[in-house]
Amino acid sequence: MSMKPLCLWYKKPAVAWEEALPLGNGRLGMMVFGRILTERLQLNEESVWYGGPVDRNNPDALKYLPEIRRLIFAGEIHKAEKLALLALAGIPESQRPYQSLGDLWLHFDGHDEKEEKIESYRRELDLNTAVARVFYTYNNITFHRELFASAPDRVLVIRLSADQPGQISFYAVLNRGKYYEHAKPLGSDTLVMRGNCGGGVARTHAVNFRVALRAVPEGGRVYTIGENLVVEGVDAVTLLVAGETSYRHRNPEKACLKILAAAAGKPYEVLYRRHLQDYQSFFHRVELELTDQTVPSEPEAGLEAGLETGQKTRQETGPETGLEMGAETGPETLPTDERLERIKRGADDPGLVELYFQFGRYLLLSCSRPGSLPANLQGLWNQEMLPPWESKYTININTQMNYWPAETCNLPECHRPLLEHIKRMRKPGRRTAKVMYGCRGFVAHHNTDIWGDTAPQDLYPPASFWPMGAAWLSLHLWEHYHFSGDRRFLKKAYPVMKEAAEFFLDFLVPDSRGRLVTCPSVSPENTYILPDGERGSLCAGPAMDSQILHTLFTHCIKAAEILGLDSAFREKLRACLSRLPQPEISKDGRLQEWAEDYEEAEPGHRHISHLFALHPGNMISPRHTPELAAAARKTLETRLACGSGHTGWSRAWIINFWARLEDGEKAGANLMELLKNSTLPNLFNTHPPFQIDGNFGGTAGIAEMLLQSHTGEITLLPALPKNWSKGHIKGLRARGGYEVDLWWEDGRLQRAVIRSRFSQTCLLRPGTAVTITDNIGKRIAFAFDSPGIISFPVKAGECYHLQTVD
């Protein structure tokens with residue numbers, strides 16, 4: 001892949017946390033503020049969570065379950081919800097929060113922040129290298145900071161240098177407000193901060209954490225005074241930060257010091273090179289180009305100064321990045337926050353869409369690596385001790401959305417932490433299934449944590465008593481297989497999928513029409529109005545539940561057939577499938593959200609759960625189920641007219657819905673709304689407040705606009721907006737083991753390259769007449785499988801070139 005410039009950059013330091021730049025290696029995260037006199041580097045380690053594993057299952061749930069069901073079917077919803085709050089709610093009601101690891105403060109000597117003395121300031125995050133940089137000139141000395149999070153060496157790396165010798169002096173402090181025991185020196189070049197996250201059954205059962213900082217100087221002196229690490233008169237210094245907890249290590253301090261010793265034994269250039277080789281092996285799999293690099297229509301004041309700053313500092317300092325500022329002639333010459341402001345004023349900036357797309361891939365690669373925990377509500381980055389929604393795993397949409405780009409955007413390894421966590425949830429989920437519902441299999445509700453908690457969360461009827469969390473998560477196991485075709489993985493994943501399905505064979509009950517429905521349940525976080533005016537959330541058979549179960553049962557049957565297993569179990573699932581409620585169209589032409597055609601209490605609700613069958617499911621599509629697709633379209637139009645999409649993740653889901661309806665203009669318009677109204681200065685998504693799911697949903701939506709494969713065939717450019725008239729994308733993945741490159745011009749496909757992991761028959765919807773050749777130019781014959789779809793044989797590992805025919 002080429003090194004297209006991909007930089008977030010700014011002319012001033014971050015004031016608020018939401019302006020700082022995120023770095024991460026899967027387990028460790030850092031937010032870079034770029035301040036001059038006192039730099040703040042806010043730190044995270046993925047397993048710094050309050051509390052510990054707790055059995056929160058309500059022991060009275062099973063006793064009162066029949067009465068709750070009777071009340072729901074009798075329409076006595078208030079009574080059912082009151083009893084559910086007493087008998088089904090977890091004890092205690094809430095799971096534990098994710099916490100900040102603390103802050104590393106760098107207090108610089110001989111500096112002040114008077115604007116007249118600071119020149120040529122630039123703060124940036126280079127997505128091509130996953131390196132943050134800060135440049136500025138003070139008293140005719142150019143200072144340079146370079147920071148990255150190394151996955152191979154398991155450390156955060158901070159490099160400080162200047163263009164004159166002996167100019168770097170500061171003292172470093174680790175702290176965590178009042179939530180740590182102490183930070184003490186260890187030798188003359190190391191600080192260790194020790195603490196306990198609190199909240200365990202006993203103090204020894206809570207998570208213990210350690211953060212270790214080491215300085216590796218070039219010239220000058222390094223020593224400690226009190227809890228401070230002093231760096232004095234050095235030419236350059238490399239700071240290394242390691243963080244570990246008792247979640248993984250009996251002795252996290254020993255683990256930290258071992259990591260630091262290994263990293264400190266490598267020259268900075270080696271650390272940088274190892275980081276770069278590792279990161280780019282993932283990131284450069286996908287390339288997106290939507291712009292011809294023309295200058296934006298509204299040049300901003302200060303543009304030339306910003307360009308000159310970048311040229312000067314990059315040429316003078318730092319390892320080669322492959323990004324030369326002199327090559328930037330388009331919107332990239334504007335600071336990122338100014339580009340966002342232009343978008344809010346109605347300007348078009350396809351280059352910012354490119355940056356946002358790749359930023360989503362960067363974030364996933366930075367917060368979800370093999371061996372790490374899954375990305376939580378804030379990915380990895382959180383400065384609070386009690387963050388919004390505890391920054392845990394909300395599994396009625398948010399955690400799932402975090403992983404929508406993993407397969408399509410060619411980061412399947414980043415999917416593994418979630419897939420492993422689903423397995424971690426099985427044991428707690430079996431207990432919840434048995435204690436609360438008297439069922440086999442395993443179940444989870446709308447939240448989980450790092451210990452795999454599966455009991456209901458919160459005292460909030462619109463969300464708490466939704467038993468579909470494990471079922472929806474288990475679909476990710478099938479998706480990972482479906483993209484890769486890895487039968488060894490499927491063999492390990494199938495038992496998890498089977499257990500998730502097995503729960504519902506026991507849990508489902510017949511309604512008055514003989515359909516098998518979930519009860520009790522909810523349509524996530526929404527409320528309906530009964531004919532008599534009573535409002536409620538608890539219900540039987542909401543549309544989303546039946547859609548998830550249809551998808552889960554279908555995938556379980558396919559997996560068992562592929563593996564040659566469980567013929568009797570397959571028949572049970574088929575029998576159950578035939579009795580599940582099917583998507584229904586309401587009297588006003590929209591898809592029904594509940595089993596009955598109830599009125600919505602909030603027509604513009606942020607959750608649009610009953611369109612699961614459109615996305616991420618595949619039961620509804622414009623070509624295969626046009627009547628249901630039309631009803632889905634009307635549902636979206638009505639929700640948007642009433643104010644839906646006001647949260648970032650909701651808007652991101654809407655982009656994916658419109659892409660699946662093959663409406664490029666509406667998908668593109670909603671992408672612009674995501675950038676205008678739900679994007680913070682550092683490109684983080686905001687609910688508000690910050691939640692990372694919208695970043696990942698937005699990235700997935702862009703990929704969905706360009707390539708789809710959920711209905712059995714590969715569709716090229718299914719939802720291309722008019723303002724993306726020319727461009728290309730390389731490296732997207734399609735289900736069935738395919739990788740696809742596309743080029744288009746004047747809104748029409750020009751050529752494509754398709755690679756397959758397997759010898760098979762490729763079904764393709766190119767959208768235009770094409771010829772197909774193999775690697776040596778031999779013409780490949782194809783058949784017309786159905787209107788608009790061609791089929792042709794492919795061999796494993798070979799490339800097939802499509803060229804449009806005028």
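In what order do the nine strands of the open sheet lie? I looked this up first and found the order 1-6-7-8-9-16-13-12-11, with antiparallel pairing.

**Basis**

I note that this is a predicted model, in which local features need pLDDT of at least 70, side-chain atom pairs count only at pLDDT 80 or more, and totals for chains, interfaces and linings use all residues. Residues are numbered from 1 along each chain as its sequence is written, and side-chain values use heavy atoms, with hydrogens and water left out.

**The open sheet**

I took helices (H or I, at least four residues) and strands (E, at least two) as DSSP runs numbered from the N terminus. Two strands count as paired if DSSP finds at least two bridges between them. The edges of the open sheet are strand 1 (7-10) and strand 11 (182-185), each of which pairs on one side only. Neighbouring strands of this sheet are turned against each other by 15° on average, direction ignored. Axes here are lines fitted to C-alpha atoms, for helices over the stretch in contact, and angles run from 0 to 180 degrees between N-to-C directions.

I then followed strand 11 to strand 12 (residues 190-196): the two run antiparallel and are joined by four bridges. His182 has Arg194 in strand 12 as its bridge partner.

Helix 4 (residues 268-283) lies across strand 7 (131-138), strand 8 (141-150), strand 9 (155-162) and strand 16 (236-245). I read its angle to strand 8 as about 50°.

**Helix 6**

I checked burial in helix 6 (residues 336-344) and found Thr336, Glu338, Arg339, Leu340, Arg342 and Ile343 buried. Buried means under 20% relative accessible area, exposed over 50%, and partly exposed in between (1.4 Å probe, protein chains only). These buried residues pack against strand 1, helix 7 (350-367) and helix 19 (664-677), with contact taken as heavy atoms within 4.5 Å. Gly346, which follows helix 6, has a positive phi near 100°.

**The largest pocket**

Which element gives the most residues to the lining of the largest pocket? I found helix 13, with seven residues. The space in this pocket is about 400 Å³. A pocket is an open set of points on a 1 Å grid over the protein atoms alone, where a 1.4 Å probe fits, with protein on both sides within 12 Å along at least five of seven lines; lining residues have an atom within 4 Å of a point. Grid points are joined across faces, edges and corners, and the volume is the space filled by probe spheres set on the points.

Of the 28 lining residues, Glu479, Phe483, Pro616, Arg660 and Arg735 are the closest to the centre of the pocket. By class, I recorded nine nonpolar, 13 polar and six charged residues.

**Strand 30**

Strand 30 (residues 760-765) runs parallel to strand 26 (residues 714-716), over two bridges. Thr715 stands opposite Arg765. Strand 30 also pairs with strand 33 (residues 789-794), in the antiparallel sense and over five bridges. There, Gln760 has Val794 as its bridge partner.

**Two single residues**

Is Ser678 buried or exposed? I found Ser678 buried, with a relative accessible area of 3%, in the loop between helix 19 and helix 20. Not counting residues up to four places away in sequence, its contacts include His646, Glu673 and Phe684.

Gly429, in helix 11 (residues 426-437), is buried with a relative accessible area of 0%. Under the same sequence exclusion, Gly429 touches Gly441, Phe442, Val443 and Thr454.

Key. Ala, Val, Leu, Ile, Met, Phe, Trp, Tyr, Cys and Pro count as nonpolar, Asp, Glu, Lys and Arg as charged, and the others, Gly among them, as polar.
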